[in-house]
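User: Please take a close look at the open pocket in this model, starting with what builds its wall. Then walk me outward from there through whatever else is worth seeing.

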Amino acid sequence: MSLKARLTTPGPAVHAPGAFDALSALLIQQAGFEAIYLSGASIAYTQLGRPDLGLVSFDHVADVVARICERVDIPLIVDADTGFGNALNVARTVKVFERNGARAIQLEDQTFPKRCGHLAGKGVTSTKDMVGKIHAALDAKRFDETLIIARTDAIAVEGFEPALERAVAYAEAGADVVFVEAPRDQEQMKCIVTTLGRTPAMANMVEGGKTPILTRDALGEIGFRLVISPGALVRALIPAAESFLRTLGSEGSTVSYRDRMTDLAGVNARIGLEEMLALGDRYEREREEAAE
């Protein structure tokens with residue numbers, strides 16, 4: 001079942017953890033999740049060592065999309081920030097990301113340079129400008145199953161009611177999913193779902209952010225169809241890495257930490273070493289047989 005069909009079919013909400021490279025995406029797939037969210041913030045954190053302030057470029061994201069989609073089979077939802085420019089840039093972004101394997105592309109109405117949706121100091125473009133970007137995205141995509149997700153950051157800038165008005169406008173413009181960023185409480189979250197009606201709503205769970213952290217099932221009961229945990233994996237890895245490095249630095253060895261590590265065989269099992277070696281052997285046999 002495609003992601004588009006899944007979001008409009010009765011059942012639990014789709015939960016998409018955030019990835020930042022092919023290995024993290026592969027681990028998400030192996031853990032049994034239905035979809036992956038490629039987080040722009042997590043790319044900035046892990047590959048630039050910088051905050052989410054619009055520093056990640058179009059080419060960088062496109063490259064990560066291609067690397068992930070070459071390795072995993074489940075749908076990839078891509079955070080495309082503001083589309084990296086105006087409506088013409090949005091059209092190119094959608095074409096390239098879709099060609100590289102994305103099955104959903106998220107665009108937001110922030111002004112550039114954008115910043116994390118749970119940081120202060122954001123700006124938003126006009127509703128008219130964002131509607132134009134949504135139209136450009138819909139015109140640019142090649143496949144009906146490719147989803148366009150429209151995000152508004154207007155709660156922090158204009159207030160909750162204007163954000164709802166934007167959400168409705170984006171749904172009416174044809175967005176497949178609407179994402180109202182950073183609601184402050186469950187009442188606002190319920191209001192978002194009710195206001196959007198038949199248009200699937202997306203919820204963003206950010207540890208330490210503005211929105212209450214709820215379970216996927218609780219969010220599904222409210223009516224959200226898509227739930228993302230975009231930076232959760234990074235936030236889980238940081239303390240683990242810090243703990244490991246403290247041990248390595250103080251003891252000069254990994255011996256006491258081994259029970260908390262994956263050994264070489266475990267890594268190779270997860271990334272498919274035996275399968276690749278077997279495939280290489282098959283091709284070598286075929287080459288030898290053809291030469292006889």
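Analyst: Happy to. Helix H11 is the main contributor to the wall of the largest pocket, giving 5 residues to its lining. Keep in mind as we go that this is a predicted model. The pocket has a volume of about 550 Å³, and 17 residues line it. Besides H11, helix H2 (22–30) and helix H12 (264–271) are the elements that give two or more residues to that lining. To look into the middle of the pocket, pick out Leu23, Leu27, Leu237, Thr262 and Val267, the lining residues that lie nearest its centre. Leu23 and Leu27 fall within the range of H2, and Val267 falls within that of H12. By class, the lining holds 12 nonpolar, 2 polar and 3 charged residues.

While we are on H11, follow the helix along to Thr247, which sits within its span of residues 232–251. Thr247 has a relative accessibility of 13%, so it counts as buried, the cut-off being under 20%. Beyond its neighbours within four places in sequence, Thr247 has contacts with Gly252, Ser253, Ser256 and Tyr257.

From the open pocket we can turn to enclosed space. There are 3 cavities of 30 Å³ or more. The largest of them holds about 50 Å³ of space. Its lining is made up of Phe179, Val180, Glu181, Ala182, Pro183, Met189, Met202, Ala203, Asn204, Met205, Thr211 and Phe224. Strand S6 (177–180) and strand S7 (201–204) are the elements that each give two or more residues to this lining, and S7 gives the most, with 3. In terms of class, the lining divides into 9 nonpolar, 2 polar and 1 charged. The charged residue is Glu181, while Asn204 and Thr211 are the polar pair.

If you go on from S6, you come to Asp185, in the loop between S6 and helix H9 (186–196). Asp185 counts as partly exposed because its relative accessibility is 33%. For a sense of distance, take Asp185 together with Asn100: 85 residues separate the two in sequence, and their C-alpha atoms are 37 Å apart in space.

The second largest cavity holds about 40 Å³. Around it you will find Gly40, Ala44, Pro51, Asp52, Leu53, Gly54, Leu55, Val56, Asp81 and Lys114. This lining has 5 nonpolar, 2 polar and 3 charged residues. Asp52, Asp81 and Lys114 are the charged ones, and Gly40 and Gly54 count as the polar ones.

One of those lining residues, Asp81, deserves a pause. Asp81 is in the loop between strand S3 (76–79) and helix H5 (87–99). Its phi is near 50 degrees, a positive value in a residue other than glycine. With a relative accessibility of 7%, Asp81 counts as buried. The loop between S3 and H5 is also the place of Phe84, whose phi is near 65 degrees, again positive in a residue that is not glycine. Phe84, however, counts as partly exposed, because its relative accessibility is 21% and buried means under 20%.

Two other lining residues of the second largest cavity, Gly40 and Ala44, lie within the range of helix H3 (residues 40–48). H3 meets helix H4 (residues 58–71): their axes come within 12 Å and cross at roughly 95 degrees. That angle falls between 65 and 115 degrees, so H3 is roughly perpendicular to H4. Ile43, Gln47 and Leu48 make the contact from the H3 side, and His60, Val61 and Val64 make it from the H4 side. The contact has 4 nonpolar and 2 polar residues, with no charged ones; the polar pair is Gln47 and His60.

A last stop is Tyr170, in helix H8 (residues 160–172). At 0% relative accessibility, Tyr170 counts as buried. Leaving out neighbours within four places in sequence, its contacts are Asp109, Thr127, Met130, Val131, Ile134, Ala150, Arg151, Thr152 and Ala175. Of these, Arg151 is 19 residues away from Tyr170 along the chain, with 8.5 Å between the two C-alpha atoms.

To come back to where we began: the open pocket draws on H2, H11 and H12 for its lining, with H11 giving the most, whereas the largest cavity has S7 as its main contributor.

Technical notes
Residues are numbered from 1 along each chain as its sequence is written. This is a predicted model: local features need pLDDT of at least 70, side-chain atom pairs count only at pLDDT 80 or more; totals for chains, interfaces and linings use all residues. Side-chain values use heavy atoms; hydrogens and water are left out. On a 1 Å grid over the protein atoms alone, a cavity is a set of points where a 1.4 Å probe fits but cannot get out, and a pocket is an open set with protein on both sides within 12 Å along at least five of seven lines; lining residues have an atom within 4 Å of a point. Grid points are joined across faces, edges and corners, and a volume is the space filled by probe spheres set on the points. Helices (H or I, at least four residues) and strands (E, at least two) are DSSP runs, numbered from the N terminus. Buried means under 20% relative accessible area, exposed over 50%, partly exposed in between (1.4 Å probe, protein chains only). Contact means heavy atoms within 4.5 Å. Axes are lines fitted to C-alpha atoms, for helices over the stretch in contact, and angles run from 0 to 180 degrees between N-to-C directions. Angles under 35 degrees count as roughly parallel, over 145 as roughly antiparallel, 65 to 115 as roughly perpendicular and the rest as oblique.
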